[in-house]
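Here are some short exercises to work through with the model open beside you. Try each task before reading its solution.

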Amino acid sequence: MMNTPTILKKIVERKFQEIEERKALLSIEVLKDQIQANNDTPRGFIQAIESKLGQNSAAVIAEIKKASPSKGVIRENFNPQEIALSYKKGGAACLSVLTDVDYFQGSDAYLQDVRKTVDLPVIRKDFIVDDYQVFEARAIGADCILLIVACLEPERLSHLYNLAVELGMDVLVEVHDAAELQTALELPIRLVGINNRNLHTFEVSLDTTFDLLGTIPDDKIVVTESGIHTIDDIAAMRGHNVNAFLVGESLMRADDPGERLAEMFL
């Protein structure tokens, strides 16, 4: 975490506090028991993306997000279950649910409610830095987790990745520059998320994805994240053979997020 951006540093510091608070309420052993008791098989997150790509369709991970640190509240009228149904109707491959409370006004309950409402695979979008959160993710029903290279040392990244896989979950590993990409590619990953938002300045440029493509092996699926707002943005990505997208804000601001998804991608 030598060069971790300031906002990310703040979030991660708070995250470690939050983990301690949660452990005091629910031990890791209880989480493990819950996972066993749930007897819930993870839905194939990567498989759902591959299925869309196999049909020459864009594979969209549609995000359910109420707020963000840079934009504040994005959607006042926020009903995660309604949004999930709308996304399914609009053709989403998978869903992303923000569970971070302090900075994104997310909730574990949103993920649980969404997963009961639709049969799409769901990624827990959070700042995962500890084993506890990986067990927690599976206990609340996540099919996939996000690991952000910018806030993890390589050894910790590898450890959390392997733990998630052991629990049957898929992993989206997120990078935002060439050095982080090289760290990510040392793992046997299938999904590489490229965040077009500079985590230091919060500026967004689609060139971040284009600039990194040349060093990504063909057997990886590139998921472009942030800054996808128009049909032209999507066309530019698809022109570079990037066909998997994580889209949140531009859909969340629409009256009917799923309808907007269908307009943009179909």
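**Exercise 1. A serine side chain**

Which backbone nitrogen does the side chain of Ser68 reach?

Before the solution, a word on the ground rules. This is a predicted model, in which local features need pLDDT of at least 70 and side-chain atom pairs count only at pLDDT 80 or more, while totals for chains, interfaces and linings use all residues. Residues are numbered from 1 along each chain as its sequence is written, and side-chain values use heavy atoms, with hydrogens and water left out.

Solution.
- Step 1: find Ser68 in strand S2, residues 67–68. Helices (H or I, at least four residues) and strands (E, at least two) are DSSP runs, numbered from the N terminus.
- Step 2: the side chain of Ser68 reaches the backbone nitrogen of Lys71 at 3.0 Å. A polar contact is a pair of N or O atoms within 3.5 Å; within protein, one must be able to donate a hydrogen and the other to accept it, and residues adjacent in sequence count only if both atoms are side-chain atoms.
- Step 3: Ser68 has 7% relative accessibility and counts as buried. Buried means under 20% relative accessible area, exposed over 50%, and partly exposed in between (1.4 Å probe, protein chains only).
- Step 4: leaving out residues up to four places away in sequence, Ser68 touches Ile74, Tyr103 and Phe104. Contact means heavy atoms within 4.5 Å.

**Exercise 2. The inward side of a helix**

Find which residues of helix H5 are buried, and what they pack against.

Solution.
- Step 1: H5 spans residues 108–117, and its buried residues are Asp108, Leu111, Val114 and Arg115.
- Step 2: viewed down the axis of H5, these buried residues fall within an arc of 130°, so they line one face of the helix. The arc is that of the directions from the helix axis to the C-beta atoms.
- Step 3: recall the helical repeat. An α-helix has 3.6 residues a turn, so residues three or four places apart point the same way.
- Step 4: the buried residues of H5 pack against helices H1 (6–25), H4 (80–90) and H6 (131–139), and against strands S1 (59–64), S4 (94–98) and S5 (122–125).
- Step 5: look at the start of H5, where a side-chain oxygen of Ser107 comes to within 3.0 Å of the backbone nitrogen of Ala109.

**Exercise 3. Salt bridges across the chain**

How many salt bridges are there, and which parts do three of them link?

Solution.
- Step 1: apply the rule, a side-chain nitrogen of Lys or Arg within 4 Å of a carboxyl oxygen of Asp or Glu. The count comes to 25 salt bridges.
- Step 2: Arg14 pairs with Asp102, their closest N and O atoms being 2.4 Å apart. Arg14 is in helix H1 and Asp102 in the loop between S4 and H5, 88 residues apart. At 39% relative accessibility, Asp102 counts as partly exposed.
- Step 3: Asp126 and Lys15 form a salt bridge at 2.8 Å, N to O. Asp126 lies in the loop between S5 and H6 and Lys15 in helix H1, so the pair ties together parts 111 residues apart in sequence. Asp126 is buried at 2%, and Lys15 is buried at 1%.
- Step 4: Glu136 and Arg124 meet at 3.1 Å, N to O. Glu136 lies in helix H6 and Arg124 in strand S5, so this pair ties together parts 12 residues apart in sequence.
- Step 5: through shared partners, salt bridges join Lys15, Glu18, Arg22, Asp100, Asp108, Arg124, Asp126 and Glu136 into one network.
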